[in-house]
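Me: I'm new to reading protein structures, and the words for how helices pack confuse me. Could we go through where those words come from?

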Amino acid sequence: MSERASAARSAAATGREASGDAGPRAVAVRGRGFEPRLRPAVAWLALAALLALWQAGSAAGLIGELTLPSPARIARSLGELATGGDLWGHLAASAGRIAGGFLLGFSTGVVAGLLIGIFTLSRSIGVPVVAALFPIPKIALLPLFILWFGIGEWSKVATIAFGVFFPTAVATYGAVDAVPRNLVRMGQSFGLAPAAITAKILLPGALPGILSGARIASSIALILVVAAEMIGAERGIGALILTSGHLMQTDRLLAGVVVLSVLGLVVAWAIGALERRLLRWR
Amino acid sequence: MRLEARNLAHRYGDLEVLDGLSFAVGEGSVLAVVGPSGCGKSTLLRILGGLVAPDRGEVVARGEAPLDCLNPFTYVFQDFALLPWRTVAGNVALPLEANRLDAEARRERVRDALARCGLEEFAGAYPRQLSGGMQQRVGIARALAVKPAVLLMDEPLSALDSQTRDLLKEDLLRLWRETHATTVYVTHNLSEAAELADDILVLSRRPGRERARIPVGVPREERRRGDAVVLDVEERLWSLLRSEAAEAAREITA
């Protein structure tokens, strides 16, 4: 039906009778594959429209001030926290825990991943251990870590480090496995020592995979720091959010959430910048 | 160096890939190894350079490597095996870093190898910016930089289009002229073997044994594509291999 219709249309376009099917016809374009693109102007506009809608809903009284404070109210609360309040103290506490836990978990995770990726013995030991411990929601271990390390900083840092370690180790050994064996053989054929092959071939070859592991690990670190601070901390963004909730200060609570979102974006941007710098060759 | 393979045999599990292969390659000459796919050509090359230990037999080298040789047995790979995160110069420098060369001597060797391969202006480029042919030139320059005594080439032109291949053949001829390296050149391309080699070793279907050894006769510098002697050798190779290739193609590999 549609075939006949388009045949008729092209026949009309070329000014011929639709009597035969031998007439010249332009080949219709049927598509170039789906090519979605991100238009920055539309993205910003959509974001602004969402905020405006929210603000209008609050102003009209459709959204309760306590249930969900307006964007303006959250912004004001954020400003108060930043100038007069103790936002920076909370932020410093959280950032310090993330930094400590991440560095500890990431560095040990990379070393473990390399060992699993290089040696048969460490692979035989490491793979099942990692597979068994990876699925544990690491926050479940916080009470144990509190017993071991006390309620202070170390139990939180240990939880974050533990949570960061596993995805890093898995990403690292996966990335080492993915380095083409022919490159390793090339190194051997030129008489490079195993240490040189690790440093000059395996590690740089695995770097893209290790950095995308760092992305995942950093978002896990952010989740864990908030969870740990909600369980037992006086300072930190998680603690700020929790106490604000107890006091029904939803504007402060959401100001804390905004800070977390910005923190996450900053970390992701930092890793992206690192990738652009270290992986220029791609 | 003169290279002798004595009674080489190798198997991977139940798969017998080489069975009692013996041959010699004279100092400075080029031996092409051809055979149906899966006949153990690549395994043979790995054994020759000490990347795989043969189950049976041995490889013996006679003669001294040149004094400035840093890696007597040097490979050129089918897929080039360049490090994508290193520049052209960095890739050529890689094998030199394993040795006790001072920085200036290393730079000099890299410069020299790049110049010989016509790569000076690409020293700072990354492999992905280069065509396949240029990438293999980098692979050749890297081999040149260590001043090898024996070159082991595993289908070095197979990943290239046919025009690039013809251009690179000229580079290979120059390479041999300048280094006098004893060469084992594995290929499945019969015209490549006929154009480039002094001698051609024809292997049988797996497990690889010597089927024939054909000397080309005319010196390699005097041969051109389409010469009667080249076509004649190619024809002889094909008549030796045709039935084997057909049978090999029908095999189910585990």
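Reply: Happily! Let's start with helix α3 (residues 103-116) of chain B and helix α4 (residues 132-145) of chain B, which pack at an angle of about 135 degrees with their axes 9 Å apart. Keep in mind that this is a predicted model.

Me: What makes α3(B) oblique to α4(B)?

Reply: Set the angle of about 135 degrees against the cut-offs: roughly antiparallel needs over 145, and roughly perpendicular runs from 65 to 115. The value fits neither range, so α3(B) is oblique to α4(B). The crossing of this pair is right-handed.

Me: Which residues make that contact?

Reply: On α3(B) they are B:R109, B:V110, B:A113, B:L114 and B:R116, and on α4(B) they are B:A141, B:L144 and B:A145. Sorted by class, this contact has 6 nonpolar, no polar and 2 charged residues.

Me: Now chain A. Why are α8(A) and α9(A) called roughly antiparallel?

Reply: Helix α8 (residues 181-189) of chain A packs with α9(A) at an angle of about 165 degrees, and their axes are 10 Å apart. Angles over 145 count as roughly antiparallel, so α8(A) earns that name relative to α9(A). Their crossing is right-handed. A:L183, A:V184, A:G187 and A:Q188 of α8(A) make the contact with A:I197, A:I201 and A:G205 of α9(A). That contact has 4 nonpolar, 3 polar and no charged residues.

Me: How do you know that α3(A) and α11(A) are roughly perpendicular?

Reply: The same kind of check works here. Helix α3 (residues 71-83) of chain A and helix α11 (residues 250-278) of chain A pack at about 80 degrees, with axes 8 Å apart. The range for roughly perpendicular is 65 to 115, and therefore this pair belongs there. In α3(A), A:R73, A:I74, A:S77, A:L78 and A:L81 meet A:D251, A:R252, A:L254, A:A255 and A:V258 in α11(A). The residues of this contact divide into 6 nonpolar, 1 polar and 3 charged.

Me: How do you know that α9(A) falls short of a straight helix?

Reply: Compare two lengths. Helix α9 (residues 194-232) of chain A has 39 residues, and a straight helix would reach 57 Å at 1.5 Å a residue, but its end C-alpha atoms are only 46 Å apart. There is also a bend in α9(A) of about 50 degrees at A:L207, with a proline, A:P208, following within four residues.

Me: Lastly, how many residues does each chain bring to the contact between chains A and B?

Reply: Chain B gives 15 residues and chain A gives 15 residues. The chain B side has 12 nonpolar, 2 polar and 1 charged residues.

How values were computed
Residues numbered from 1 in each chain as written. Chains lettered and ligands numbered in written order. Predicted model: local features only at pLDDT ≥ 70, side-chain atom pairs only at ≥ 80, totals over all residues. Contact = placed C-beta atoms within 7 Å. Nonpolar A, V, L, I, M, F, W, Y, C, P; charged D, E, K, R; others polar. Helix = DSSP H or I, 4+ residues; strand = E, 2+ residues; numbered from the N terminus. Expected span 1.5 Å × (residues − 1). Bend = angle between axes of the 7 residues up to and from the residue. Axes fitted to C-alpha atoms, helices over the stretch in contact; angles between N-to-C directions. Parallel < 35°, antiparallel > 145°, perpendicular 65-115°, else oblique. Left-handed = near helix turned anticlockwise from the far one by under 90°.
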